[in-house]
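Here is a short briefing on the enclosed spaces inside this protein. Have the model open as you read, and follow along from one cavity to the next.

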Amino acid sequence: MKYTKHNFMMSVLGIIIYITDLIVDIWVSVRFFHEGQYIFGVLALSFMLFGTLVVQCFSYSWFKADLKKAGQESQHCFLLLHCLQGGVFTRYWFALKQGYHIAFQCRSETDNFMEEQMDPQKEVIDRVTDLSMLRLFETYLEGCPQLILQLYILLEHGQENVSQCVAITVSCCAISCSTLDYQIALRKSLPEKRCLDGCCPKITYLLYKLFTLSSWMLSVVLLLFLNVKITLLLLLFLWFLSTTWAFQNQTHFCTSMSMEFLYRIVVGFILIFTFFNIKGQNTKCPMSCYYSVRVFATLGILIVFWVGPLFFFNSEYFIFISITIVLTLLLGIIFLFVYYGNFHPNKSEETKCDEIDGKSAKRDCRMRHFLME
């Protein structure tokens with residue numbers, strides 16, 4: 001477990017993507033209000049604020065827990081920074097400052113006393129992993145709804161503009177990069193877990209998540225054209241089932257009960273879009289059920305559109321979108337099988353349980369309580 005120059009550059013790239021995504025979100029919201037599309041503007045702004053507020057809550061909660069563990073009192077300046085939506089930037093400041101020292105200045109002549117008190121490599125890796133998880137939360141809470149909204153607007157008007165194309169591109173990049181980055185950072189922070197090494201496993205995992213997400217989001221957009229209320233009821237029902245599953249598994253990620261409730265609610269929201277292993281159990285059965293439901297729901301939406309009269313939708317667009325949905329879903333399932341059949345880090349450890357989202361282990365690290373599969 002070592003924090004390298006490559007890891008530092010990836011952290012720098014992470015904050016660049018984070019800032020770019022934030023600027024694009026603000027730009028899109030302002031454009032909506034400027035063009036008189038107040039409903040879209042309010043929705044875009046609401047998605048952004050909701051994701052940011054949840055992330056700030058988790059970030060401050062972790063700051064308090066870390067300070068308490070170190071025997072220090074909670075500092076009011078941290079609370080103020082998080083109230084001003086600066087929690088993530090504060091974390092990036094600490095992570096990049098310490099990461100630069102470890103990657104570029106620190107050598108093998110590390111002080112023995114420091115080694116006894118705290119491993120600086122471990123500390124900076126844990127900081128980076130915290131940031132990866134916060135970005136992951138914000139990506140799914142804000143980025144996925146934003147992407148669905150942008151796709152809906154694009155298909156509704158039948159013509160694209162620069163801001164829409166930029167917003168869709170940035171959202172796709174942010175979702176893909178944060179998903180892969182968190183899986184890499186998480187495994188690196190847990191010494192007993194094998195790292196996700198090599199380009200092929202990373203690319204396969206990225207494509208598996210990207211294609212399955214893209215197919216489902218396009219399906220949701222199609223359903224929005226059919227009936228907005230039905231779509232919202234479907235998503236609410238899926239969220240309820242996912243949250244119930246999280247409560248049934250009795251996750252233990254947060255130190256306080258209130259934050260644990262919020263965590264389970266957030267996990268339920270994320271499960272609407274992608275699969276997570278939220279407990280130390282074999283994922284074969286839950287994952288099979290999850291993607292079976294996903295396939296049937298996607299095919300059901302397409303059948304409804306092919307059978308029903310769609311005067312409100314451009315037929316040329318629909319044929320293209322239908323083919324895209326089917327192909328991306330098929331490719332996503334194929335890459336899923338390829339990843340778990342050939343590239344999964346624990347493939348050789350068939351007798352062990354898969355990674356978890358909520359179980360104590362040898363090393364005291366909160367991230368072993370949340371593992372994405």
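Which helices each supply at least two residues of the lining of the largest cavity? In this predicted model, they are helix 1 (5-34), helix 6 (120-157) and helix 7 (162-189). The structure holds three cavities of 30 Å³ or more, and the points below take you through the largest and the second largest.

**The largest cavity**
- The space in the largest cavity comes to about 130 Å³.
- Helix 1 gives the largest share of this lining, with five residues.
- Among the lining residues are Ile17, Tyr18, Asp21, Leu22 and Asp25.
- Met48, Arg135, Glu138, Thr139, Glu142, Ala174 and Ser178 also line the largest cavity.
- Sorted by class, the lining has five nonpolar, five charged and two polar residues.

**The second largest cavity**
- About 50 Å³ of space lies in the second largest cavity.
- Helix 7 and helix 8 (199-226) each bring at least two residues to the lining here.
- Helix 8 provides the largest share of this lining, four residues.
- You will find Leu147, Cys172, Ile175 and Ser176 in the lining, along with Leu210, Leu213, Ser214 and Met217.
- By class, six of these lining residues are nonpolar and two are polar, with no charged residues.

**Side by side**
- Helix 7 supplies at least two lining residues to the largest cavity, and helix 7 also supplies at least two to the second largest.
- Charged residues number five in the lining of the largest cavity, whereas the lining of the second largest has no charged residues.

Technical notes
Residues are numbered from 1 along each chain as its sequence is written. This is a predicted model: local features need pLDDT of at least 70, side-chain atom pairs count only at pLDDT 80 or more; totals for chains, interfaces and linings use all residues. Side-chain values use heavy atoms; hydrogens and water are left out. On a 1 Å grid over the protein atoms alone, a cavity is a set of points where a 1.4 Å probe fits but cannot get out, and a pocket is an open set with protein on both sides within 12 Å along at least five of seven lines; lining residues have an atom within 4 Å of a point. Grid points are joined across faces, edges and corners, and a volume is the space filled by probe spheres set on the points. Ala, Val, Leu, Ile, Met, Phe, Trp, Tyr, Cys and Pro count as nonpolar, Asp, Glu, Lys and Arg as charged, and the others, Gly among them, as polar.
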